[in-house]
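User: I am new to this structure and would like to understand the reasoning behind the terms used for it. Could you take me through them step by step?

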Amino acid sequence: MGQDESRPKQAEEQAAADIEDIMPVLEPPVLLSRLVASQGSIQKHLRPAARVLLLRSVHSWYETWTAKIGLVALLYNLGKGLPELSASPEANGFVYVLDNVHVAKKGKPGERRATLRILVFTKVRWLDIVHVRVRENSNGEGGAISCTCCVRYFSTGVFPLSIPGAPLLNSLFFWFPFGHNGLPSSKTLPDIRGALQSVVEVTGKSGLLV
């Protein structure tokens, strides 16, 4: 995807309006089959492989990002960038869906907070989930210059959603140990950072890449 430098500027120009005016439209993932989409809507809530603390650490990954844009531009760019990414050859069959956005704190630039959830459907349709907590940082003069993003990435089950009954199977086999083959480091999180259309610095990492 090419760099579109106008996006952050266009979004920040609307920052004076209510942040709800720029909230991305959450649309159903049209690139997925009905089976995968319907089972994904169930498994994203069940999250069987992430239910037990000692077991989920094997397939969880954490990062901290600093994005050189404000919250308004971040939401705008993700809402536009993830569908474009999913439809592009760069996705290599992966589908990225901005599934939930909650503005936890509104206010002036530099004071806003938000949480969001991104669903990642891999090429063979395993479902991974990315939870992001966003804190907007002020430049001290009433403007926003960056966002700090605390990212938690985890796999939801050992069976892909292309298998009928996968949410039930994954709930039965939640204890089965498996890894994510280093996807958050090598593929999925770099793709999501690219969709932000901004300079993003990874300031912290933790977890097991297996």
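Analyst: Let us begin with the empty space inside this predicted model: the largest cavity holds about 50 Å³, and a search of the whole structure finds one cavity of 30 Å³ or more.

User: What makes this space a cavity rather than a pocket?

Analyst: A cavity is a set of points where a 1.4 Å probe fits but cannot get out, whereas a pocket is an open set. The space of about 50 Å³ was found as a cavity, so the probe fits there but cannot get out.

User: Which residues line the largest cavity, and how do you know whether the lining is nonpolar or charged?

Analyst: The lining consists of Trp 65, Leu 74, Leu 78, Leu 116, Ile 118, Val 132, Cys 149, Ile 192 and Leu 196. Trp, Leu, Ile, Val and Cys count as nonpolar, and the lining accordingly divides into nine nonpolar residues, no polar ones and no charged ones. Two or more lining residues come from helix 4 (71–86), and likewise from strand 3 (113–121).

User: Why is Glu 201 called partly exposed?

Analyst: Glu 201, which lies in strand 6 (residues 200–207), has a relative accessibility of 45%. Buried means under 20% and exposed means over 50%, so Glu 201, at 45%, counts as partly exposed.

User: What does Glu 201 touch, leaving aside residues up to four places away in sequence?

Analyst: Glu 201 touches Thr 64, Trp 65 and Thr 66, where a contact requires heavy atoms within 4.5 Å. Thr 64 is 137 residues away from Glu 201 along the chain, yet their C-alpha atoms are separated by 8.4 Å.

User: How do you know what span to expect for helix 2?

Analyst: The expected span is 1.5 Å times one less than the number of residues. Helix 2 (residues 34–46) has 13 residues, for which 18 Å is expected, and its reach of 19 Å from first C-alpha to last is close to that value. Helix 2 also has a kink of about 25°, centred on Gly 40, and Gly 40 is one of its buried residues, alongside Val 36, Gln 39, Gln 43 and Lys 44. After helix 2 comes Arg 47, with a positive phi near 45°.

User: How many helices and strands does the protein have, and what share of its residues is buried?

Analyst: The protein has six helices and six strands, which follow the pattern α-α-α-β-α-β-β-β-β-α-α-β along the sequence. Of its 210 residues, 47% are buried.

Conventions. Residues are numbered from 1 along each chain as its sequence is written. This is a predicted model: local features need pLDDT of at least 70, side-chain atom pairs count only at pLDDT 80 or more; totals for chains, interfaces and linings use all residues. Side-chain values use heavy atoms; hydrogens and water are left out. On a 1 Å grid over the protein atoms alone, a cavity is a set of points where a 1.4 Å probe fits but cannot get out, and a pocket is an open set with protein on both sides within 12 Å along at least five of seven lines; lining residues have an atom within 4 Å of a point. Grid points are joined across faces, edges and corners, and a volume is the space filled by probe spheres set on the points. Helices (H or I, at least four residues) and strands (E, at least two) are DSSP runs, numbered from the N terminus. Buried means under 20% relative accessible area, exposed over 50%, partly exposed in between (1.4 Å probe, protein chains only). The bend at a residue is the angle between axes fitted to the seven residues ending there and the seven starting there.
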